[in-house]
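Please open the structure in the viewer and keep the selection tool at hand. The tour below proceeds stop by stop, with a selection at each one.

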Amino acid sequence: MATNDMVEIRWHGRGGQGAKMACMLLADVAGLEGKFVQGFPEYGPERMGAPITAYNRISEKRCNIHSNIYYPDYVAVVDETLLDSIDVTRGLKEGGAIIINTPSSPQEMRPRLQGWTGKVCTIDARRISEEILGTNFPNTPMLGAMVKVSGVLETGRFLANMEESFKHKFAAKPQLIAGNMATLKKSMEEVQVG
Amino acid sequence: MSKPLSGNEAVAYAMKQINPDVMGAFPITPSTEIPEYFANYVANGEVNTEYVTVESEHSSMSVCIAAQAAGARAVSATSSCGLALMYELLYVAASCRLPIALACVNRALSGPININHDYSDSMGARDSGWLQIYAENNQEAYDNFLMAMPIGETPNVRLPVMCCMDGFITSHAVENIELLETDVVRKFIGEYNPENYLLKKENPLAVGPYDVSPYYMEHKVQEAEAMKVAKARILEVAAEFESISGRRYGLFEEYRMEDAELGLVLMGSSAGTAKAAVDKLREDGVKAGLVKIRVFRPFPGEELARALAGAKAIAVMDKSEGFSANGGPLFAETRSALYDLKVRPYLIDIVYGLGGRDFKTEDVEKVFGRLADIAVTGETYPVYSHMGQRSKEETA
């Protein structure tokens with residue numbers, strides 16, 4: 001029952017891939033921009049590799065609703081193998097979009113989305129992460145793609161706030177700041193909308 | 001200062017600002033992230049708390065009891081089965097009149113094994129002599145923990161305070177929060193200066209010895225009287241807190257109840273979800289409202305009766321079963337509170353949300369739909385029922 005000035009996002013990932021972290025980072029950075037935010041995971045039996053769901057609400061007013069999100073504006077799929085087992089577009093609003101971590105194009109992904117006719121976006125988060133960070137951390141590029149596609153945050157301020165956030169998070173490993181910023185920017189450039 | 005924090009982090013931050021003398025900490029599951037965050041503050045030298053890691057919650061509460069009896073300000077945090085393991089000591093803390101503050105992250109008790117939110121843990125401890133204050137969100141969890149000190153430590157109260165928040169829904173969700181400056185917090189909570197304590201050499205005393213029959217009942221009556229006094233003290237502290245924070249608290253919150261014909265009585269984060277549904281129903285012309293119980297112990301019976309007196313039909317929403325076969329614990333209290341009214345609203349009990357079953361605005365609308373029927377027909381059967389569970393066909 002979201003109001004029009006609220007954006008609701010659902011994240012699908014597998015335990016250990018950082019979908020929850022991406023969700024929490026988005027809440028943090030949107031909060032820094034003065035938005036009212038919620039970021040919360042849905043907890044089940046936690047195992048590495050098991051499907052997990054996390055949610056964001058971002059709005060201009062404080063949101064009192066504390067249920068899960070059933071009719072999201074945007075859906076992020078951090079692991080494309082989830083498409084075979086989870087109805088990821090369930091409840092997704094017609095004017096919304098789904099963003100999938102995959103090397104494939106939106107046109108190639110659409111047939112796997114059970115009749116979804118809205119916007120399909122793809123980003124090769126794995127390749128970007130491996131090229132820049134040398135390892136597979138798909139959550140940062142997925143976050144960049146989500147912000148780009150949803151327009152929920154203004155790009156310039158988003159990047160500036162993320163840099164602050166990374167400086168704090170990686171205080172003991174400053175070499176990771178530049179790489180993470182580069183993956184964010186790269187994914188914002190590369191995300192394909194179809 | 002405004003920033004997004006999880007409920008766990010918010011309460012840990014409140015503890016940091018309080019800088020208690022002792023924390024009894026069982027820092028692994030089924031505890032919470034609260035001792036984990038607090039351990040960082042200890043390690044970084046940001047607090048000078050004696051952080052006592054123990055092997056169980058039975059021991060963490062024992063540490064708090066010993067420390068508080070010695071004259072120190074002690075805190076702890078727990079959840080679910082961890083609280084259950086403390087039960088024996090909860091009664092000891094209360095009867096020794098030790099104003100310990102405990103953060104309880106409400107999660108279901110086993111079994112079946114479940115880690116998600118409901119109130120079965122703290123509802124089981126409702127007769128232990130602890131004050132119980134429930135939060136709707138991270139802001140209230142933070143604010144309530146700060147208020148616990150001046151409430152519990154007041155000489156004519158001197159009772160421990162359990163500050164409850166919804167497991168995962170509040171404890172693990174990041175939301176905006178307004179934090180007070182630490183010097184403002186310190187001034188608000190003041191120093192803990194008990195009259196008598198173990199380390200006071202001028203007045204040696206024993207704490208917690210065997211209490212023979214000729215004395216036991218007198219002590220229990222004093223404890224019961226203190227619980228009554230606590231109600232007024234909670235309101236005084238709320239007024240003081242409003243003057244430093246601008247945030248207003250009472251024994252409960254009435255939301256759009258002024259002319260409400262249909263209403264809910266409920267607790268915690270569900271109240272937020274229900275407020276959104278009430279707003280929508282009001283737009284559609286339904287005179288809906290709700291009462292969010294903040295203080296469950298002491299129970300604000302007379303005040304609640306006054307708040308509900310004008311309504312036609314009320315649903316009490318219980319997020320713990322209770323197994324009385326006669327309704328959940330919140331229903332028992334509410335129905336009892338209404339008994340002395342000459343004209344009472346129709347009252348039903350709905351048990352919902354057990355073990356983390358999600359509670360949506362659509363569920364709230366369904367309950368109000370039923371209340372609208374009851375207001376017309378007067379038919380309350382079944383008075384006590386469950387909602388949100390799947391049917392046999394659905395689970396087959």
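Is Arg127(A) buried, partly exposed or exposed? Select Arg127(A) in this predicted model: the residue is partly exposed, as its relative accessible area is 28%.

**Stop 1: a salt-bridge network in chain A**

Keep Arg127(A) selected and add Asp124(A); their side chains meet in a salt bridge, with 3.3 Å from N to O. Asp124(A) counts as buried, because its relative accessible area is 16% and the cut-off for buried is under 20%. Now extend the selection to Glu131(A), Lys186(A) and Glu190(A), which are linked with Asp124(A) and Arg127(A) in a network of salt bridges. Over all chains, the count of salt bridges comes to 38.

**Stop 2: a second pair in chain A**

Select Glu154(A) and Arg157(A), whose side chains form a salt bridge at 3.9 Å from N to O. Glu154(A) is partly exposed, with 44% relative accessible area. Arg157(A) is likewise counted as partly exposed, at 47% relative accessibility.

**Stop 3: Lys93(A) and its surroundings**

Go next to Lys93(A), in the loop between β4 (74-77) and β5 (97-101) of chain A. At 30% relative accessibility, Lys93(A) is partly exposed. Add Tyr74(A) to the selection: this residue and Lys93(A) are 19 residues apart along the chain, and their C-alpha atoms are separated by 7.8 Å.

**Stop 4: chain A as a whole**

Display chain A alone as a cartoon. Six helices and seven strands are present in chain A, and along the sequence they follow the pattern β-α-β-β-β-β-α-β-α-α-α-α-β. Along the principal axes, the C-alpha atoms of chain A fill a box of roughly 45 × 40 × 35 Å. The radius of gyration of chain A is 16 Å, which agrees with the value near 16 Å for a compact globule of 194 residues.

Colouring by burial is informative here. Of the 194 residues in chain A, 56% are buried. Chain A exposes about 8600 Å², and carbon and sulfur atoms supply 50% of that area. As for contacts in chain A between residues at least 6 apart in sequence, 61% join residues at least 24 apart.

**Stop 5: the interface of chains A and B**

Bring chain B back into view and select the contact between the two chains, which takes 27 residues from chain B and 23 residues from chain A. The area buried between them is about 2000 Å², of which carbon and sulfur atoms give 54%. On the side of chain B, Val174(B), Glu175(B) and Asn176(B) lose the most area to chain A, together 27% of what that side buries.

How many salt bridges does the rule find across the interface of chain B and chain A? There is one. To see a pair of this kind, select Glu175(B) and Arg62(A), which form a salt bridge with their closest N and O atoms 4.0 Å apart.

**Stop 6: a helix-to-strand pair in chain B**

Select Lys275(B) and Glu253(B), whose side chains meet in a salt bridge at 3.1 Å from N to O. Lys275(B) lies in helix α9 (residues 269-283) and Glu253(B) in strand β9 (residues 252-255) of chain B, so the pair ties together parts that are 22 residues apart in sequence. Lys275(B) is buried, with a relative accessible area of 5%, whereas Glu253(B) is partly exposed at 27%.

**Stop 7: backbone geometry in chain B**

Show the backbone at Gly111(B) and Pro112(B); the peptide bond from the former to the latter is cis, with omega near 0 degrees. Pro112(B) is placed in the loop between β5 (101-106) and α5 (120-124) of chain B. Another cis peptide bond runs from Arg297(B) to Pro298(B), with omega near -5 degrees. Pro298(B) is found in the loop between β12 (295-297) and α10 (301-308) of chain B.

Then inspect phi at two residues. Ser80(B), although not a glycine, has a positive phi of about 50 degrees; this residue lies in helix α4 (residues 80-95) of chain B and is buried, with a relative accessible area of 2%. Arg97(B), also a residue other than glycine, has a positive phi near 60 degrees. Arg97(B) is in the loop between α4 and β5 of chain B and is buried, at 16% relative accessible area.

**Stop 8: a nonpolar surface patch**

Finally, select Leu198(B), Leu199(B), Leu205(B) and Val207(B), which form a nonpolar patch on the surface with about 340 Å² of accessible area together. Within this selection, Leu205(B) sits in the loop between α7 (182-189) and α8 (213-245) of chain B. Leu205(B) is partly exposed, with a relative accessible area of 34%.

Note on methods. Residues numbered from 1 in each chain as written. Chains lettered and ligands numbered in written order. Predicted model: local features only at pLDDT ≥ 70, side-chain atom pairs only at ≥ 80, totals over all residues. Heavy atoms only, no water. Patch = residues over 30% accessible without salt bridge, like charges linked within 9 Å, V, L, I, M, F, W, Y side chains within 5 Å. Areas by Shrake-Rupley, 256 points an atom, 1.4 Å probe, with all protein chains shown as cover. Helix = DSSP H or I, 4+ residues; strand = E, 2+ residues; numbered from the N terminus. Buried < 20%, exposed > 50% of the residue type's maximum accessible area, 1.4 Å probe, protein only. Rg over C-alpha atoms; globule rule 2.2 N^0.38 Å. Contact = heavy atoms within 4.5 Å. Buried area = accessible area lost by both parts, 1.4 Å probe.
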